[in-house]
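Hi there,

Here is the model I promised to pass on to you. Please have a look at it first, and then read on for my notes on what turned up.

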Amino acid sequence: MFKIAKANVAAPLMPGSLDYNNHNHDMLAQFSVSESWIGDFSTGVIRLGEWSAMLHGLLAQECGLLSLVRCYDAKDRNHVLQLFEQAATLSSSFCFSTTIIMPNGFRQPLFCMGESNGLEEKYSGSMVGVFVFPRFKLEGASQIASRQ
């Protein structure tokens with residue numbers, strides 16, 4: 001799944017949809033690990049959280065796009081790169097899903113949702129998003145993301 005849309009066509013929030021009582025954080029945590037990330041177009045740096053960096057096989061929490069996607073399933077890499085490229089040229093909302101494949105055979109499903117903005121001036125703007133790592137085992141996987 002690879003989706004991108006102009007930012008202004010996103011579904012509007014329903015009244016009260018951001019109320020804390022409408023969110024079931026415990027249920028989300030039971031089924032997944034989620035973590036936010038941010039990308040800066042002026043520097044090309046993507047800043048990840050601790051879990052995201054670890055599950056992407058990165059030693060640092062800051063990286064470039066190519067370093068981020070190198071662990072993705074080979075059949076998805078070009079699609080993800082194209083999606084980020086589109087989002088970098090037009091303020092957009094986007095999402096994708098793929099599998100992280102680690103050298104040790106670890107296969108971690110990944111969902112990403114985000115948006116880009118501030119693209120009015122060349123080489124400016126940013127992306128923000130969230131990675132969601134489901135807590136289930138893929139066929140052939142030796143580990144799954146687990147709660148600390």
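**Strand pairing around E2**

Strand E2 (residues 32–40) pairs with strand E7 (residues 126–134) in the antiparallel sense, and nine bridges hold the register between the two. Please keep in mind that this is a predicted model. Within the E2–E7 pairing, Trp 37 has Gly 129 of E7 standing opposite.

E2 has another partner in E3, again in the antiparallel sense, with three bridges between them. Here Ile 38 is the residue that stands opposite Arg 47 of E3. E2 and E3 make a hairpin with four residues between them, and Gly 44 in that turn shows a positive phi of about 80°.

**The chain as a whole**

Stepping back, the protein chain contains four helices and seven strands. Going along the sequence, they come in the pattern β-α-β-β-α-β-α-α-β-β-β. The protein chain has 148 residues, and 37% of them count as buried.

**E5 and its hairpin with E6**

E5 may be a good strand to look at next. Nine of the ten residues in E5 are buried, so the strand is mostly covered, taking buried to mean under 20% relative accessible area. E5 and strand E6 (residues 107–117) run antiparallel and are joined by nine bridges. If you want a point of reference in that pairing, Phe 96 stands opposite Cys 112 in E6. These two strands also form a hairpin, this one with five residues between E5 and E6, and Gly 105 in the turn has a positive phi of about 90°.

Two residues of E5 are worth a closer look. Ser 92 lies in this strand, which covers residues 92–101. With a relative accessibility of 2%, Ser 92 is buried, because the cut-off is under 20%. Its side chain reaches the backbone oxygen of Leu 90 at 2.4 Å.

Ile 101 also belongs to E5. Its relative accessibility is 34%, so Ile 101 counts as partly exposed. The C-alpha atom of Ile 101 is separated by 8.6 Å from that of His 56, although the two residues are 45 apart along the chain.

**Salt bridges**

How many salt bridges does a search of the whole structure find? The search returns two.

One of them joins Glu 62 and Arg 47, with 3.0 Å between the closest N and O atoms. This pair links distant parts of the chain: Glu 62 sits in strand E4 (residues 62–63) and Arg 47 in strand E3 (residues 45–47), 15 residues apart. Glu 62 is partly exposed, because its relative accessibility is 47%. Arg 47 is partly exposed as well, at 34%. Arg 47 is also the residue that stands opposite Ile 38 in the E2–E3 pairing.

The other salt bridge is between Lys 75 and Asp 73, where the closest N and O atoms are 3.2 Å apart. Are these two residues buried or exposed? Lys 75 has a relative accessibility of 58%, so this residue counts as exposed. Asp 73, in contrast, is buried, with a relative accessible area of 15%.

**Aromatic rings**

There are seven aromatic pairs in the model. Ring pairs tie Trp 37, Tyr 72, Phe 84, Phe 94, Phe 96, Phe 131 and Phe 133 together into a cluster. You have already met Trp 37 opposite Gly 129, and Phe 96 opposite Cys 112.

**The second largest pocket**

I also looked at the second largest pocket, which has a volume of about 160 Å³. Its lining is made up of Gly 39, Asp 40, Phe 41, Gly 44, Val 45, Ile 46, Leu 65, Phe 84, Glu 85, Ala 88 and Met 127. Which elements give two or more residues to this lining? They are E2, E3 and helix H4 (74–89). H4 provides the largest share, with three residues.

Some names in that lining come up elsewhere in these notes. Gly 44, one of the lining residues, is the turn residue with the positive phi in the E2–E3 hairpin. Phe 84 also lines the pocket and belongs to the aromatic cluster.

That is everything from my side for now. Happy browsing!

Best wishes

Key:
Residues are numbered from 1 along each chain as its sequence is written. This is a predicted model: local features need pLDDT of at least 70, side-chain atom pairs count only at pLDDT 80 or more; totals for chains, interfaces and linings use all residues. Side-chain values use heavy atoms; hydrogens and water are left out. Rings of Phe, Tyr and Trp (its six-membered ring) pair if their centres lie within 6.5 Å; planes under 30 degrees apart count as stacked, over 60 as edge-to-face and the rest as tilted. A salt bridge is a side-chain nitrogen of Lys or Arg within 4 Å of a carboxyl oxygen of Asp or Glu. Buried means under 20% relative accessible area, exposed over 50%, partly exposed in between (1.4 Å probe, protein chains only). A polar contact is a pair of N or O atoms within 3.5 Å; within protein, one must be able to donate a hydrogen and the other to accept it, and residues adjacent in sequence count only if both atoms are side-chain atoms. Two strands pair if DSSP finds at least two bridges between them. On a 1 Å grid over the protein atoms alone, a cavity is a set of points where a 1.4 Å probe fits but cannot get out, and a pocket is an open set with protein on both sides within 12 Å along at least five of seven lines; lining residues have an atom within 4 Å of a point. Grid points are joined across faces, edges and corners, and a volume is the space filled by probe spheres set on the points.
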